[in-house]
Amino acid sequence: MTKPGPRDIAHLGNIELFTDKFDESYWFFNDLLAMREVARSGDSVFLRTWDDYENWSIKLTPRDRSGVGEVQYRASSPEALDRLVASLEASGRGLGWGDGEHGVGKVYRFTDPDGHPQALYYDTEWYQATDDKPALKNQASRFPGHGVNARRIDHINYLGASVEENAAFARDVLGLEDTELIQLDNGKIAAHWFHFQNKSYDLVYSADHTGSNGRLHHIAFAPDTREDILKAADIFLENGIHIESGPHKHAINQTFFLYVWEPGGNRIEFANAGARLILAPDWKPVVWTEEERKKGQAWGMKTIETFHTHGTPPVQ
């Protein structure tokens, strides 16, 4: 069978987040981010961003320690899913088929070299708005008009004990293309960015300086504009949410950003890339040096120390 190609994954579908402060985390996503509760199962609650065409975006689950659970990606077609599954089975990292949840069909589960649980699917139900029907029928549901108004999930950044091993998996097994990376003076890769379609990035691996496995650096949501991110900073300030860094502009991939810690300690980014897309079919990965990264972000702000040390679950 043909190996998977760089467009065989359509997009990041949904993310399970663990939190040791469930009620406070629920308030953060439901109230401050204006995400709608759509279902409950056991102790977990399913929430969706307002323009997600699928039934849910985040599965929030109480745990003793915060962090990331299973992350699912939608394949571009049934044939693409077959190629991805065959590649995963050949790699030895496949775990097999299982049932999806709340409208997601059969999922094929696997882990990356760091042990992060992930899954692929194609069949899915589209969200059917009820009391949240939009005025314009070409969006999934009504614009909430309060809080941050997170439109969709944008990307995930994993921490990994070996960025090189995880990047090789993303490239050779999942067929992904890389867009940018940081190479240190000793030759090691500190972080590596991959994309699924024309966005500049969807999946990132960053070095876990603790040497731990299976941890989360952050997940990101996409508001409509930079101004939404500026307003979000005020909303978080007023509500006692820890603002870690930003608003500012990244040098790498040029995203306008804001990083906060939700009450459970998981780092959440709000990211807006403007009109920047990767349209070139022959894009060459941009390599940033250690010296270049010492200059900080695009407009000169130094990268805050906790950006390199904080992750979930916390390391004791």
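Q: What makes D172 count as partly exposed?
A: D172 has a relative accessibility of 48%. Buried means under 20% relative accessible area, exposed means over 50%, and partly exposed is what falls in between (1.4 Å probe, protein chains only). At 48%, D172 is in that middle range, so partly exposed is the right label. A friendly word on the background: this is a predicted model, in which local features need pLDDT of at least 70 and side-chain atom pairs count only at pLDDT 80 or more, while totals for chains, interfaces and linings use all residues. Residues are numbered from 1 along each chain as its sequence is written, and side-chain values use heavy atoms, with hydrogens and water left out.

Q: How do you know that D172 forms a salt bridge with R171?
A: The term asks for a side-chain nitrogen of Lys or Arg within 4 Å of a carboxyl oxygen of Asp or Glu. Between D172 and R171 the closest N and O atoms are 3.2 Å apart, so the pair qualifies. R171 has a relative accessibility of 39% and is partly exposed.

Q: Why do K294 and E291 count as a salt bridge?
A: Their N to O distance is 4.0 Å, which meets the cut-off, so the pair is accepted. E291 is exposed, at 52% relative accessibility. Some salt bridges also share partners, and R152, D154, K199 and D202 are joined that way into one network. In the whole structure, the search finds 19 salt bridges.

Q: How do you know that E16 forms a salt bridge with K59?
A: The closest N and O atoms of this pair are 3.8 Å apart, so the criterion is met. E16 is in strand β1 (residues 9-19) and K59 in strand β4, so the bridge ties together parts that are 43 residues apart in sequence. Strands here are DSSP runs of E with at least two residues, helices are runs of H or I with at least four, and both are numbered from the N terminus.

Q: What makes E16 and K59 buried?
A: The relative accessible area is 11% for E16 and 12% for K59. Both values are under the cut-off, so both residues are called buried.

Q: Why is E54 said to have no salt bridge?
A: The nearest side chain of opposite charge is R74, at 5.1 Å. That is not within the salt-bridge limit, so the pair is not accepted. Opposite charge here means Lys or Arg as positive and Asp or Glu as negative, with His and the chain ends not counted. E54 is buried and is found in the loop between β3 (44-48) and β4 (58-62).

Q: How do you know that E54 and Y121 are joined by a polar contact?
A: Their side chains are 2.9 Å apart in this contact. A polar contact is a pair of N or O atoms within 3.5 Å; within protein, one must be able to donate a hydrogen and the other to accept it, and residues adjacent in sequence count only if both atoms are side-chain atoms. At 2.9 Å, the distance is inside the limit, so the contact stands.

Q: What makes D20, D23, E24 and D64 a negative surface patch?
A: A charged patch is built from residues with over 30% relative accessible area and no salt bridge, like charges being joined within 9 Å. E24 has a relative accessible area of 40% and is partly exposed, so it passes the area test. E24 belongs to helix α1 (residues 22-32).

Q: What makes phi of A34 a point to note?
A: Phi of A34 is near 60°, a positive value in a residue other than glycine. A34 comes just after α1 and is buried, with a relative accessible area of 8%. Q254 also has a phi near 60°; it lies in the loop between β14 and β15 (256-261) and is partly exposed at 38%.

Q: How do you know that the peptide bond from G246 to P247 is cis?
A: Its omega is near 0°. P247 sits in strand β14 (residues 242-249). The bond from T312 to P313 is cis too, with omega near 0°, and P313 is placed in the segment after α6 (306-309).
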